[in-house]
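Let's take a friendly walk through a protein model together. Have a look at it first, and then we will visit a few of its helices and loops.

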Amino acid sequence: MDVGDARTIGRRLYQIRKSRGKSLRVIAGLAGMSTTQLWRIEHGERALDSLSEIVALADALQIAPSELMRLPVPAPANGETDSAVNAVFLALMAARRSRPGGRVLPVEALRARVMATVDAHCRCDRSGEVGAALPSLIRDLHTSIAAGRDVAELLELAVLLHSNATVGWLRVVGPGAIELREMAAELAFRAAEQRDTPEARGLAVWGGLYVMVTAGAVDLARAEVDSVSVPTRTPEGMQLEGTLALCRSFLAAVDS
């Protein structure tokens, strides 16, 4: 579960729980967690990193899981954030039109930058760092892919970057960026199709899942998740297939 989604859902949980007059202890008990866990989720100190927890909390509050997904609380914006969003938008648009305008760099340098950006995104206090890094990284990565060297690894890096950091950071900066999230998810999907491995396709589908659900395209999300199956020969494959299995369970509960 993305950090931005976890914060948004935490705020929604608090608002809905209060509106129903339910205590922290009651909802925590119904959801099968401790009051400390629920308090930390509501206050943004603990990420909701399990779809089963979302379903359990939605059941405890007697709402559909999709209600948590579709009614986010806008994150505060400022001039610096708006400028970063615009720079990411321009980079995504250029990459989609195959004119990224970046530099051709060695795969080792790009791998280090992608991993650092993904790591920064996973840490709650570094969204500014991610927003500053993404525009040039998107341009350089797609320019290097077009150059035709180390394409397989660069495509995998593109799937990882867009499915995780690009889509995820755009969630953090606010729900108004839904169209930009779809642009990033589409670039991940294109890269996965070119790489043509179950792992790449599975990661791209995961990255686009919340975009589809937030937009109300639940049937499309179900079809996408059902279309992929990741081999479990490696720990990474087992983790990704486990995540996709949770996605299937989550989608089965949406609007049920």
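Ser98 is exposed, with 63% of relative accessible area. This is a predicted model, so keep that in mind as you read on. You will find Ser98 in the loop between helix H6 (79–96) and helix H7 (107–121). Its backbone deserves a second look: Ser98 is not a glycine, yet its phi is positive, at about 60°. Most residues other than glycine have a negative phi.

A second residue shows this feature too. Asp150, also not a glycine, has a positive phi of about 50°. Asp150 sits in the loop between helix H8 (127–147) and helix H9 (151–172). With a relative accessible area of 46%, Asp150 is partly exposed.

**How two pairs of helices pack**

Now let's turn to helices that lie against each other. The table gives the geometry of two pairs.

| Helix pair | Angle | Distance between axes |
|---|---|---|
| H10 (residues 178–195) and H11 (residues 198–215) | about 160° | 9 Å |
| H11 and H13 (residues 235–253) | about 30° | 10 Å |

Start with the pair in the upper row. An angle of about 160° makes H10 roughly antiparallel to H11. The two helices cross in a left-handed way. On the H10 side, the contact includes Ile178, Ala185, Phe189 and Arg195, while H11 contributes residues including Ala200, Ala204, Gly208 and Val211. What kinds of residue make up the contact of H10 with H11? They divide into eight nonpolar, two polar and five charged.

The other pair has a different partner for H11. Here the angle is about 30°, and H11 and H13 are therefore roughly parallel to each other. The crossing of H11 with H13 is left-handed. From H11, residues including Leu203, Trp206, Leu209 and Val213 meet residues of H13, among them Leu240, Leu244, Phe250 and Leu251. This contact of H11 with H13 divides into nine nonpolar residues, two polar and one charged.

**Helices with a buried side**

Where on a helix do buried residues sit? Helix H12 (residues 218–226) is a good place to look, with Val218, Ala221 and Val225 as its buried residues. They cover an arc of only 55° around the axis, which puts them on the same side of H12. The spacing helps to explain such a pattern: an α-helix has 3.6 residues a turn, so residues three or four places apart point the same way. On the face of H12 turned away from the buried side, you meet the exposed residues Asp219 and Asp226.

Helix H3 (residues 35–42) can be read in a similar manner. In H3, the buried residues are Leu38, Ile41 and Glu42. Looking down the axis of H3, you would see them within an arc of 95°, so they line one face of the helix.

**One buried alanine**

Our last stop is Ala84, which belongs to helix H6. Is Ala84 buried or exposed? At 15% relative accessibility, Ala84 counts as buried, because the cut-off for buried is under 20%. Leaving out residues up to four places away in sequence, Ala84 touches Gly131 and Trp169. Try locating Ala133 as well: Ala84 and Ala133 are 49 residues apart along the chain, and their C-alpha atoms are separated by 9.3 Å.

Note on methods
Residues are numbered from 1 along each chain as its sequence is written. This is a predicted model: local features need pLDDT of at least 70, side-chain atom pairs count only at pLDDT 80 or more; totals for chains, interfaces and linings use all residues. Side-chain values use heavy atoms; hydrogens and water are left out. Axes are lines fitted to C-alpha atoms, for helices over the stretch in contact, and angles run from 0 to 180 degrees between N-to-C directions. Helices (H or I, at least four residues) and strands (E, at least two) are DSSP runs, numbered from the N terminus. Angles under 35 degrees count as roughly parallel, over 145 as roughly antiparallel, 65 to 115 as roughly perpendicular and the rest as oblique. A crossing is left-handed if the near helix is turned anticlockwise from the far one by less than a right angle, and right-handed if clockwise. Contact means heavy atoms within 4.5 Å. Ala, Val, Leu, Ile, Met, Phe, Trp, Tyr, Cys and Pro count as nonpolar, Asp, Glu, Lys and Arg as charged, and the others, Gly among them, as polar. Buried means under 20% relative accessible area, exposed over 50%, partly exposed in between (1.4 Å probe, protein chains only). The arc is that of the directions from the helix axis to the C-beta atoms.
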